[in-house]
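Q: Please take a close look at one part of this model. I would like the open sheet and the helices packed on it, with their neighbours.

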Amino acid sequence: MKFIKLAALVFGPTLALLIGLETLARIAYYQRHYLESPSAAYSMLSSGYRSLQMYLARRKVGSFDTKRLDLLLTERAPALVTELESRYRSDFQSLSALVKSQNVPLLVMYLPSDDYVGKARLRDDRRSFFGSLAREHEHPFVDLTSSFLEYPPETVTLLPFNGHLSRFGCGLAADAIEEWIKNNPLKRSSVTFSSRPRLLGDLSPKSSSIWDIEPSSPYRVVTNSQGLRHQDELEFPKTKLRVLVLGDSFTFGPYLPNHDTYPAILDERLQDVEVINAGVASYTLQDVVELYRERAQFIEPDLIVLQVLDNDISDYMALKRNYFNRARQVFQPSKLETEFLTTSLTAKRDPG
């Protein structure tokens with residue numbers, strides 16, 4: 001027993017340090033692949049410091065099964081859901097005001113949960129929220145629930161391996177946008193910029209590499225010099241109409257090559273239109289608004305598609321934002337979030 005205590009005293013701090021370093025390395029790997037940094041040296045130092053802060057913030061809430069998070073919120077914490085929806089609503093209002101000032105139409109496209117068959121209540125609550133929000137701000141809304149429910153989840157998504165869209169599911173999303181454009185012909189926007197930033201998207205520019213975040217399913221990601229998952233360089237002045245697609249990983253298209261993502265499928269179909277994928281995994285709407293304001297608006301889109309998803313609401317919890325966010329901020333959980341986590345963790349330990 002004394003030997004065990006001595007070993008814990010000697011090796012415990014070392015083990016904790018190694019675990020911390022591994023965590024930081026994983027975060028750095030993720031951020032390096034997803035975000036382009038203006039200064040490599042500064043980014044390395046600041047990202048490491050902020051990653052450590054984020055790691056410590058996550059430690060405060062311990063482990064939590066985030067896969068069931070949205071269902072638990074719906075079942076146990078309606079007040080917290082309302083709080084999170086309020087945060088989302090505020091950012092949506094910011095995006096809406098910005099695109100309206102530019103007279104650029106914003107199409108909101110809803111995708112149901114990955115295992116949507118088992119999440120009927122969550123799905124209905126979320127799509128009702130997104131649909132009402134879009135209509136409140138006078139933006140068209142496309143709901144893919146009916147299209148998805150015509151097929152088994154394993155056809156529309158990569159389940160059972162992963163819940164992101166398969167090429168077939170991406171085809172359904174492209175169908176929906178194409179149909180909307182057919183019924184609402186695009187008009188060239190009057191917004192032009194005399195100068196623009198070097199980067200128009202948030203991905204590492206001019207890259208062609210195999211991503212093996214999941215070693216069993218590597219895939220190639222190609223980006224142009226403007227930081228977009230787009231094969232070609234965007235030219236100015238533009239010669240075609242442009243559709244800008246904003247969203248999270250379901251737009252970015254993990255585990256798929258460029259040409260199998262739904263923006264690329266749509267781009268191939270619409271010969272007189274450039275469809276540009278500006279999706280970034282784990283982005284909240286706040287991240288999307290910042291990306292559009294700082295970079296993506298300079299693409300001069302004639303239509304913006306905002307992809308929304310059931311977990312967009314729970315993504316506003318500090319629990320999830322401290323894993324990844326565009327500004328690498330550290331978020332403190334609200335009182336309601338802390339109460340929810342405490343109650344849920346206690347219930348997990350003591351089911352009775």
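A: What follows starts at the sheet and works outward to the helices.

This is a predicted model. The open sheet has 5 strands. Their order is β2-β1-β7-β5-β6, and the pairing is parallel. Strands of a sheet pair through backbone hydrogen bonds, either parallel or antiparallel. The edges are β2 (141–143) and β6 (273–277), and each of these pairs on one side only. From one strand to the next, the twist averages 20°.

Take the β2 edge. Here β2 pairs with β1 (residues 106–111) in the parallel sense, over 3 bridges. Val108 has Phe141 of β2 as its bridge partner.

Two helices that pack on the sheet come next. Helix α10 touches β1, β5 (241–246), β6 and β7 (303–309). The direction of α10 makes about 170° with that of β6. Helix α11 (residues 285–294) also packs on the sheet, touching β5 and β7. Its direction makes about 145° with that of β5.

Now follow α10 to a helix partner. The axes of α10 (residues 262–269) and α8 (residues 167–183) come within 8 Å. They cross at roughly 55°. That angle falls outside the parallel, antiparallel and perpendicular ranges, so α8 and α10 are oblique to each other. The crossing is right-handed. On the α8 side, the contact is made by Arg167, Cys170, Gly171, Ala173, Ala174, Asp175, Ile177 and Glu178. On the α10 side, Tyr262, Ile265, Leu266 and Arg269 take part. By class, the residues of this contact divide into 7 nonpolar, 1 polar and 4 charged.

A second helix contact, between α3 and α5, can be set beside this one. Helix α3 (residues 69–76) packs with α5 at an angle of about 80°, and their axes are 10 Å apart. The two are therefore roughly perpendicular to each other. From α3, the contact uses Asp70, Leu71, Thr74 and Glu75. From α5, it uses Arg121, Leu122, Asp125 and Arg126. These residues divide into 2 nonpolar, 1 polar and 5 charged.

Helix α5 also takes part in an aromatic pair. A search of the whole structure finds 12 such pairs. One of them joins Tyr88 and Phe129. The ring centres are 5.9 Å apart and the planes are at 65°, so this pair is edge-to-face. Tyr88 lies in helix α4 (residues 78–101) and Phe129 in α5 (residues 120–136), so the pair ties together parts that are 41 residues apart in sequence.

How values were computed. Residues numbered from 1 in each chain as written. Predicted model: local features only at pLDDT ≥ 70, side-chain atom pairs only at ≥ 80, totals over all residues. Heavy atoms only, no water. Axes fitted to C-alpha atoms, helices over the stretch in contact; angles between N-to-C directions. Helix = DSSP H or I, 4+ residues; strand = E, 2+ residues; numbered from the N terminus. Parallel < 35°, antiparallel > 145°, perpendicular 65-115°, else oblique. Left-handed = near helix turned anticlockwise from the far one by under 90°. Contact = heavy atoms within 4.5 Å. Nonpolar A, V, L, I, M, F, W, Y, C, P; charged D, E, K, R; others polar. Pairing = 2+ DSSP bridges. Phe/Tyr/Trp six-rings, centres within 6.5 Å; stacked < 30°, edge-to-face > 60°.
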